[in-house]
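Open the model in your viewer and keep the selection panel at hand. The tour goes one stop at a time.

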There are 2 protein chains.
Amino acid sequence: MGRWEPNAPERLSRAALELFAERGYENTTVIDIAQRAGLTKSTFFRHFQDKREVLFGGSTLAGVLSDAVAAAPEDAAPLEAVGFAMEAVGREAFTAERREFSVLRRSVIAAHPELREREALKGLALTAAMSDALRGRGVPELQARVAAELGALAMTVAYERWSGAEGGEFGEAARRALEEVRAAAAL
Amino acid sequence: MGRWEPNAPERLSRAALELFAERGYENTTVIDIAQRAGLTKSTFFRHFQDKREVLFGGSTLAGVLSDAVAAAPEDAAPLEAVGFAMEAVGREAFTAERREFSVLRRSVIAAHPELREREALKGLALTAAMSDALRGRGVPELQARVAAELGALAMTVAYERWSGAEGGEFGEAARRALEEVRAAAAL
DNA sequence: CTCAGTGATGGGACTTGGTCCCGTCACCGT
DNA sequence: ACGGTGACGGGACCAAGTCCCATCACTGAG
C-alpha cells in the first residue's frame, strides 16, 4: 500500500465521514482522518481548505443548478426553470445509489454546529447560483431572488423527505415540493 | 483604569470592529483585540464563544422577530405579521444612531469568508425564529416557512438599502421591500 | 537503459484559535 | 473586620492551519 494510491480526496472524505459518525466531529483529528486514509495531515490540507470542507468538497451542486436553469426552455417561467434544475440535481447529484451516503452525511452534519455553519454558507451559494442564472435569462433582480429562495426551500423540503424514510426519486420529490411551495406562496 | 471597568463585552466588540477595519480580520489576533480593550485572551473567550462571535454576540434579533410575530394582531395574515416584525427590528435594533456602526460592521463582514459564514448561520436562525413564531400562531408548516423565507429576503434587501447610501428609517424600507417581494412572488 | 523534470506526498517547525485550571482581586453582605 | 461570590489574569496545553523543504513515483527524451 504505497504512497501512490489514487483518489486521495475521495479516500479522505470517506474516512472523515466514517470517523465523524463513529466518534463525533470534535473527537476526530485531521491526523486521524489522514491516517485512516493512509495519508498525512499535509496531504489533507493540500486537498481541502479546512476540516469542514472534507464533507462538502465534492459538491458541484451550484454548477448543476446554474447550468440547468440556463438550459431551461426560453419560454419557461422562473419557477419552471427552477423545476428543471431540481430534476437535474436528482439526475446528477442525489441519485438512488448515493442515498445511503447522503443520509449518513446529513445526520453527521446535523449533529455538529461547525458543519451546520458550513452548510448554511453552501446554501447561500446555491441560491446565489440559481438567482444569477435566472438573471441571465432576463428575469428581473427581485423576481430572480424570490424564485431562487423558493427553489432553495423546495430543495430543502425535498431533501428532508428523500433522505428520510420515504425514499423514491429526488427529482419527483423536489417537483412536488416546489408545487407545494408555490401554492403556499400564493397569499 | 482598573480591572473593574464595566461593559467588557461591548469594549471587546468595539475594539474588534476597529482592528478588523484597520488591518483586516486575519491580521488581527484575539490577543490584539483583548489588549486594545484593556483585557486578556481569557476574558475574551469568557464573553464570546469564538473570534467570529465578537461581531454577532450582541444581536438579539431572533428574539425581537419572534416576539413581534407573536404579538401581531390575531387576524393578521402571515406576511402581515412578518411586516410587524420588520418594524420592531427598525425600532429595537437597526435604529438611526446605530447605522454608522452597522455599515462598518457590514463591510468588515463582507470582506472575510469566515465572517460571512457566521452571518449565514445567523440568517438561518432568524428565518427559523420567524417560522416557529408563525407556527405558534397556527400557520401551517409550509406556509410558515415560505413566509419566513420571504421575510428574510425582504430584510436582506432592506438592509442593503438602509446601510447603503439611502439611509432613512429601516422599518419603512423593510415594509416597502416586503411589499415588493410579495409582488414578485405572485407568479 | 539512464537520467533529469514534474508533481504529489511526507515531515517538521511555527502561529493562532480555543480549552482548562488555578490563583488573584474587587465588591457585597454580615 | 471578615468570608463569600464572581470576574479577571496567566500560563499550560491541544488541535487547526500555514510554510518550507526533502523525498519518492512516474514520465519522456536521449
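Select A:Val64. Is this residue buried, partly exposed or exposed? A:Val64 has 19 other C-beta atoms within 10 Å. Buried would take 20 or more, so A:Val64 counts as partly exposed. Keep in mind that you are looking at a predicted model.

Now show the helix around A:Val64. The residue lies in α4 of chain A, which covers residues 61-71. Next, add the contacts of A:Val64 from farther along the sequence. Leaving out residues up to four places away, A:Val64 touches A:Ala88, A:Val89, A:Glu92 and A:Ala93. Draw a distance from A:Val64 to A:Ala88. The two C-alpha atoms are 6.8 Å apart, although 24 residues separate them in sequence.

**Stop two: the whole of chain A**

Zoom out and colour chain A by secondary structure. You will find nine helices and zero strands. From the N terminus on, the order is α-α-α-α-α-α-α-α-α. Along the principal axes, the C-alpha atoms fill a box of roughly 55 × 35 × 25 Å. Chain A has 187 residues, and 37% of them are buried.

How do the contacts spread along the sequence? Take the contacts in chain A with a separation of 6 or more: 64% of them join residues 24 or more positions apart.

Switch the colouring to pLDDT. The average for chain A is 94, and 96% of the residues score at least 70. Which helix of chain A has the highest mean pLDDT, and which the lowest? The highest is α2 (residues 30-36), at 98. The lowest is α6 (residues 99-110), at 94.

**Stop three: two domains**

Select residues 8-54 of chain A, then 58-185. These are domain 1 and domain 2 of chain A. Their centres, taken over C-alpha atoms, are 27 Å apart. The domains also touch: six residues of domain 1 and eight residues of domain 2 take part in the contact. Show the domain 1 side by class. There you have four nonpolar residues, one polar and one charged.

**Stop four: DNA strand C**

Select DNA strand C and the residues around it. There are 15 of them, and A:Ala8, A:Ser42, A:Thr43, B:Asp50 and B:Lys51 come nearest. Both protein chains appear in that list. Now highlight α3 (41-47) in chain A and α3 (41-47) in chain B. Each gives at least two residues to the surface near strand C. Which element has the largest share of the surface near DNA strand C? It is α3(A), with three residues. By class, the surface near strand C divides into five nonpolar, five polar and five charged residues.

**Stop five: a loop in chain A**

Go to A:Gly138. This residue sits in the loop between α7 (113-136) and α8 (141-163) of chain A. A:Gly138 counts as exposed, because just 8 C-beta neighbours fall inside 10 Å, where 12 or fewer is the cut-off. Draw a line from A:Gly138 to A:Pro78. The pair is 60 residues apart in sequence, with 9.8 Å between the C-alpha atoms.

**Stop six: from chain A across to chain B**

Step to A:Val146, in helix α8 of chain A. Buried or exposed? A:Val146 is buried, with 29 other C-beta atoms within 10 Å. Inside chain A, the C-alpha atoms of A:Val146 and A:Thr127 are 9.6 Å apart, with the two positions 19 residues apart along the chain. Then show chain B. A:Val146 touches B:Leu153, B:Val181, B:Ala184 and B:Ala185.

Widen the selection to the contact between the chains. Here 20 residues of chain B are in contact with 20 residues of chain A. On the chain B side, the elements that give two or more residues are α5 (78-92), α7 (113-136), α8 (141-163) and α9 (170-185). By class, this side of chain B has 13 nonpolar residues, one polar and six charged.

Do the copies use matching or unlike surfaces? Of the interface residues of chain B, 95% are also interface residues in chain A, so the copies meet through the same surface.

**Last stop: superpose the copies**

Lay chain B on chain A. A turn of 180° with a shift of 0.0 Å along the axis does it, at an RMSD of 0.1 Å. That is the relation of a two-fold axis.

How values were computed
Residues are numbered from 1 along each chain as its sequence is written. Chains are lettered from A and ligands numbered from 1 in the order in which they are written. This is a predicted model: local features need pLDDT of at least 70, side-chain atom pairs count only at pLDDT 80 or more; totals for chains, interfaces and linings use all residues. Copies are superposed by least squares on the C-alpha atoms of residues with pLDDT of at least 70 in both. Two residues are in contact if their C-beta atoms, placed from the backbone, lie within 7 Å. Helices (H or I, at least four residues) and strands (E, at least two) are DSSP runs, numbered from the N terminus. Ala, Val, Leu, Ile, Met, Phe, Trp, Tyr, Cys and Pro count as nonpolar, Asp, Glu, Lys and Arg as charged, and the others, Gly among them, as polar. A residue is near a molecule or strand if its C-beta atom, placed from the backbone, lies within 6 Å of it. pLDDT is the predictor's confidence in each residue, from 0 to 100. Domain bounds come from an automatic or database domain assignment.
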